[in-house]
Amino acid sequence: MLLKADFHIHTREDPHDFIRYTAVELLEEAARQGFDVLALTCHNKRIHTEELRRRAEDLGILLIPGVEAAIEGKHTLLLDMSYSRLGVRTFDHVRERKRDGGLVIAPHPFFPAPKCLNGKLREHLDLFDAIEFSHFYTRTLDFNRKAVAYARKMELPLVGTSDCHRLWQLGTTYTIVEAAAKTVPAVFAAIRAGRVRVVTAPLRPLDRLRDGLRERRSRLRERRQTLLGSVLRFPSGAFPSIAETRIHSARGVERRETRSEDAFR
């Protein structure tokens, strides 16, 4: 069976990044987009709960426990593995945990940031089951190229992810997994066997900028209309406070970018 999957997603519960949407809101959007498998991977915190698992199941999604852990200062995706921030700090710790199962993915390994794996990936290659192809690239600037070349050289599978921090990023890059069943063991077996395909398209920053400006103008119009409506509804001396007006005007319409999808093989 073919499963639409994303193995690198952040939500409001993340202790390191400011994110507007909750895990439940993310699951609902993912269901709307037809995702079958997800891993919520907040930084150094495993947010997976039985309640979230059941909510995902109700939406038709297999939810895999995950975390984006800082291992020796380098970001590493640990899926379905026991984790505590103090107990899993080195690659030797990961090696010990992996004896009990789980999957390890190298996220954005060759991006130019101190927390990206770079040489640590080569040093501990035996630990990694797959290499990430990140959504964050354009036609002219693409730090995934080195990851693609390295994955081919080392005969490791590539998995596409959104590394989602904003809802519009979900679905920009994802993985099609050809698994025997919609279960964690079957998905992991398919990844290790290379039965995966990355679906992606480069970001178009100018389009995002134009969309952002249009959204901003729309919110400003809505805010003015809300303020005007408040003036018309309330007698003099009984106007709503600025804080109340902001609450009303915050209910804007969220726009998502629609893009064509190219199959990356």
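In this text a residue is called buried when its relative accessible area is under 20%, exposed when it is over 50%, and partly exposed in between. The structure shown above is a predicted model, and the exercises below work through it piece by piece.

**Exercise 1. A salt bridge between two parts of the chain**

Task: Find the salt bridge partner of lysine 98, and decide whether the two residues are buried or exposed.

Solution: Begin with the pair itself, in which lysine 98 forms a salt bridge with aspartate 129, the closest N and O atoms being 2.9 Å apart. Next, place both residues in the fold: lysine 98 belongs to helix H3, whereas aspartate 129 sits in the loop between H4 and S6, so this pair ties together parts that are 31 residues apart in sequence. Finally, apply the definition given at the start, by which both lysine 98 and aspartate 129 are buried.

**Exercise 2. A network within helix H2**

Task: Work out which residues are joined with Glu50 into one network by salt bridges that share partners.

Solution: The first step is to take glutamate 50 with arginine 53, a salt bridge whose closest N and O atoms are 2.6 Å apart. Because these two residues are three residues apart in helix H2 (residues 50-58), about one helical turn separates them. The second step is to see that glutamate 50 also forms a salt bridge with arginine 54, where the closest N and O atoms are 3.7 Å apart; here the two residues are four residues apart in H2, so they too are separated by about one helical turn. The third step is to look at accessibility: arginine 53 is partly exposed at 28%, glutamate 50 is partly exposed at 42%, and arginine 54 is partly exposed at 41%. Taken together, salt bridges that share partners join Glu50, Arg53, Arg54 and Glu57 into one network, and a search of the whole structure finds 13 salt bridges.

**Exercise 3. Strand S3 and its partners**

Task: Determine which way S2 and S4 each run relative to S3, and how many bridges join each pair.

Solution: Start with strand S2 (residues 37-40), which runs parallel to S3 and is joined to it by four bridges; in this part of the fold, alanine 39 stands opposite isoleucine 64 of S3. Then turn to strand S4 (residues 74-79), which pairs with S3 in the antiparallel sense over six bridges, with leucine 78 in S4 as the bridge partner of valine 67. The link between S3 and S4 is a hairpin with two residues between the strands, and glutamate 72 in the turn has a positive phi of about 50°. As a last step, consider the surroundings of S3: nine of its 10 residues are buried, so the strand is largely enclosed by the rest of the structure.

**Exercise 4. The largest nonpolar core and proline 109**

Task: Identify the members of the largest nonpolar core that touch the most other members, and then follow the contacts of leucine 121.

Solution: This core holds 26 residues, and those touching the most other members are Leu78, Val94, Leu121, Phe128 and Ile131. Two or more residues come from each of strand S3 (62-71), helix H3 (91-98), S5, strand S6 (130-134) and helix H5 (144-154), and H5 gives the most, with four residues. Apart from its neighbours within four places in sequence, leucine 121 is in contact with Ala106, Pro109, Phe110, Phe128, Ile131 and Tyr150. One of these contacts leads to proline 109, which is found in the loop between strand S5 (103-106) and helix H4 (119-123) and is buried, with a relative accessible area of 1%. With its sequence neighbours again left aside, the contacts of proline 109 include Cys116, Leu121, Ile131 and Ala147. Although proline 109 and alanine 147 are 38 residues apart in sequence, their C-alpha atoms are 6.8 Å apart in space.

**Exercise 5. The side chain of threonine 173**

Task: Find the residue whose side chain is joined to that of threonine 173 by a polar contact.

Solution: First locate threonine 173, which lies in strand S8 (residues 173-178) and is buried, with a relative accessible area of 0%. Its side chain and that of threonine 200 are joined by a polar contact of 2.7 Å. Beyond its neighbours within four places in sequence, threonine 173 is in contact with several residues, among them Asp6, Phe133, His135, Tyr137 and Val199.

Technical notes:
Residues are numbered from 1 along each chain as its sequence is written. This is a predicted model: local features need pLDDT of at least 70, side-chain atom pairs count only at pLDDT 80 or more; totals for chains, interfaces and linings use all residues. Side-chain values use heavy atoms; hydrogens and water are left out. Buried means under 20% relative accessible area, exposed over 50%, partly exposed in between (1.4 Å probe, protein chains only). Contact means heavy atoms within 4.5 Å. A nonpolar core is a set of buried Ala, Val, Leu, Ile, Met, Phe, Trp, Tyr and Cys residues joined through side-chain atoms within 4.5 Å. A salt bridge is a side-chain nitrogen of Lys or Arg within 4 Å of a carboxyl oxygen of Asp or Glu. Two strands pair if DSSP finds at least two bridges between them. A polar contact is a pair of N or O atoms within 3.5 Å; within protein, one must be able to donate a hydrogen and the other to accept it, and residues adjacent in sequence count only if both atoms are side-chain atoms.
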